[in-house]
Each structure stands twice: as C-alpha cells, then as structure tokens.
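Visitor: Could you take me through one part of this structure slowly, and show me how it sits within the whole chain? I am a first-year student, so please go step by step.

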Amino acid sequence: MKLFIDTANIDEIKEISDLGIIDGVTTNPSLIAKEGRDFKSVVQEITSIIDGPISAEVISTDAEGMLKEAEDLVQIHPNIVIKLPLIEQGIKATSILSKKGIKTNVTLCFSPMQALLAAKAGATYVSPFIGRLDDISHDGPQLIRDIIEIYENFDYPTEVIAASIRHPIHVLEAAKARSHIATIPLKVIKQLFNHPLTDIGLEKFLKDWKTMK
Ligand code: E4P
C-alpha cells in the first residue's frame, strides 16, 4: 500500500520526506486555506520536496471552470493530479481530463456507487472519506472494502485512496481491504511507529549493553 501525506504544510512534508516512506501528497481547499499562502506557490513547493503524485483541488463547481483551473494547475509540475469533487460536473470534467491523459483524483466519495462513476469516468484515483463516515456512525472502512470488491470485479484501473483517516486502525483497515493508497495526516503517520514493547525492549537492550565489560 502506498502512503501519501494529507497536508499542505511544508514543514510537515519536509519532516516526513526524509524517512523515505511517503509516495505522494494530497491537499484540499481547507488544508490550503490553513496555510494562509498562495495556492499555486504552496503546491509548487510541495512538488520540489516529494517526487510523487501531488493532488491539487479545483474550486469551481461547473465542468468548464474545473477544466480551466486544471489547465492552469497542470502547468505547475508533471506530478500534479487534478482533484475534483464527486458531483455530476466533476465527473464530466474527469472524463474529459482522463481522455487527455491528465491524472485525476475524484474526491468527496461516500458511496460505492459514486466510486463506480469515478472509475467509469477514467479517474486515476478515487478518495473515499472513511473518517467522515465514521463521524456520522456509518462504517467507513466498509466503504473501502465495497469499492475494492467492485473495482476488482471489473478490473478498473482507478486506484483507491483511503482518505479522511483519523487513527492507526483506519490505516490497518485500509491495508486489509487492499486499498492501493492511504492518505494520512502527520499525527497519524507518527502514531504508526508507536508500540510500548518497542520502547521497553530498546531500553532493556541498551541497559544490558552497558553491563558488558
Ligand atoms: C483527502 O483527500 C482529504 O483531503 C482528507 O483526507 C479529508 O480529511 P478530513 O475528513 O479529516 O478533513
């Protein structure tokens, strides 16, 4: 499973990039707004740190506007992936972009049938939001399992990005469900390292080592 970091914060991306475990980055308008910086320059800076797919989201709600934004965004770097909302106009724009060979990430996916539409439109990626489903007492991880089953049934090449990840169990569920990718906030990536027995074990090894003559 590929790991993306879900942030637009340059310091966070720099901090994690050295570990060699991050395959790409996803941003969204809320994450960009949090940085209080120009959208294009943030995205450009991200492309200089991570050599992998970088999702940049359009904010238009009509296909024509989305395509115009996409045209502009793809000029930034060949790794840019155009992120579009899973609405009729977004699917229309996705179909047009995929026919042109432009990579797309269809976002705000909350049902298997929405994911089917994204695959039909030739999306490179689809982003089911599992945390936001859990937030309203739905089974987020089940959505990943359903989408993977459907995509495997028909050999759709669209890759699933498990998104809106809130804790390590979401990452575990995504991996067990054969999600191609999980996009994870820095805090949760750090939690993946933790196990008390690792800390206790290391402390004991180092203590024992010191007793050697
Ligand atoms: C992914 O593409 C989204 O940007 C993100 O995962 C949404 O996460 P949230 O529900 O924590 O805002």
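Guide: The protein chain of this predicted model has eleven helices and eight strands, and along its principal axes the C-alpha trace spans about 75 × 40 × 30 Å. Of the 213 residues in the chain, 46% count as buried. Among contacts between residues at least 6 apart in sequence, 56% join residues at least 24 apart, and the accessible surface of the chain comes to about 11400 Å², of which 55% belongs to carbon and sulfur atoms.

With that setting in mind, let us look closely at helix α9 and the loop that comes after it. The helix α9 covers residues 168–176, and the loop between α9 and β8 (181–184) holds serine 179. Within α9 the buried residues are His170, Val171 and Ala174. Seen down the axis of α9, these buried residues fall within an arc of 100 degrees, so they line one face of the helix. The general background is that an α-helix has 3.6 residues a turn, so residues three or four places apart point the same way. As for what covers the buried residues of α9, the list includes α7 (130–135), α8, β7 (159–162), β8 and α10.

Just after α9, arginine 178 takes a positive phi of about 65 degrees. Next we come to serine 179, and here one may ask whether this residue is buried or exposed. Serine 179 has a relative accessible area of 4%, and because residues under 20% count as buried, serine 179 is buried. A polar atom of the serine 179 side chain lies 2.9 Å from the backbone oxygen of isoleucine 181. Not counting residues up to four places away in sequence, serine 179 touches Met1, Ile144, Ile148, Val160, Ile161, Ala162 and Ala174. Of these, Ala174 is also one of the buried residues of α9, which links the loop back to the helix before it.

Another of these partners, Ile161, leads us to the nonpolar cores. In soluble globular proteins, nonpolar side chains tend to be buried together. The largest nonpolar core here has 57 residues, and those that touch the most other members are Ile5, Ile80, Ile82, Tyr151, Ile165 and Ile184. Helix α8 (residues 140–154) gives the most to this core, with six residues. Apart from it lies another core, of five residues, and among them are Val81, Tyr125, Ile161 and Ile181. Ile161 is thus a residue that serine 179 touches, while Ile181 is the residue whose backbone oxygen lies 2.9 Å from the serine side chain.

For a comparison, consider helix α1 (residues 10–17), where Ile10, Ile13 and Ile16 are buried. Seen down the axis of α1, its buried residues fall within an arc of 140 degrees, so they line one face of that helix. They pack against β1 (2–6), β2 (24–26), α3 (39–49) and α10 (186–193), and α10 is also among the elements that cover the buried residues of α9. At the N-terminal end of α1, asparagine 9 acts as a cap, with a side-chain oxygen 3.0 Å from the backbone nitrogen of aspartate 11.

Conventions: Residues are numbered from 1 along each chain as its sequence is written. This is a predicted model: local features need pLDDT of at least 70, side-chain atom pairs count only at pLDDT 80 or more; totals for chains, interfaces and linings use all residues. Side-chain values use heavy atoms; hydrogens and water are left out. Buried means under 20% relative accessible area, exposed over 50%, partly exposed in between (1.4 Å probe, protein chains only). Helices (H or I, at least four residues) and strands (E, at least two) are DSSP runs, numbered from the N terminus. The arc is that of the directions from the helix axis to the C-beta atoms. Contact means heavy atoms within 4.5 Å. A polar contact is a pair of N or O atoms within 3.5 Å; within protein, one must be able to donate a hydrogen and the other to accept it, and residues adjacent in sequence count only if both atoms are side-chain atoms. A nonpolar core is a set of buried Ala, Val, Leu, Ile, Met, Phe, Trp, Tyr and Cys residues joined through side-chain atoms within 4.5 Å. Accessible areas come from the Shrake-Rupley method with a 1.4 Å probe; for residues, only the protein chains shown count as cover.
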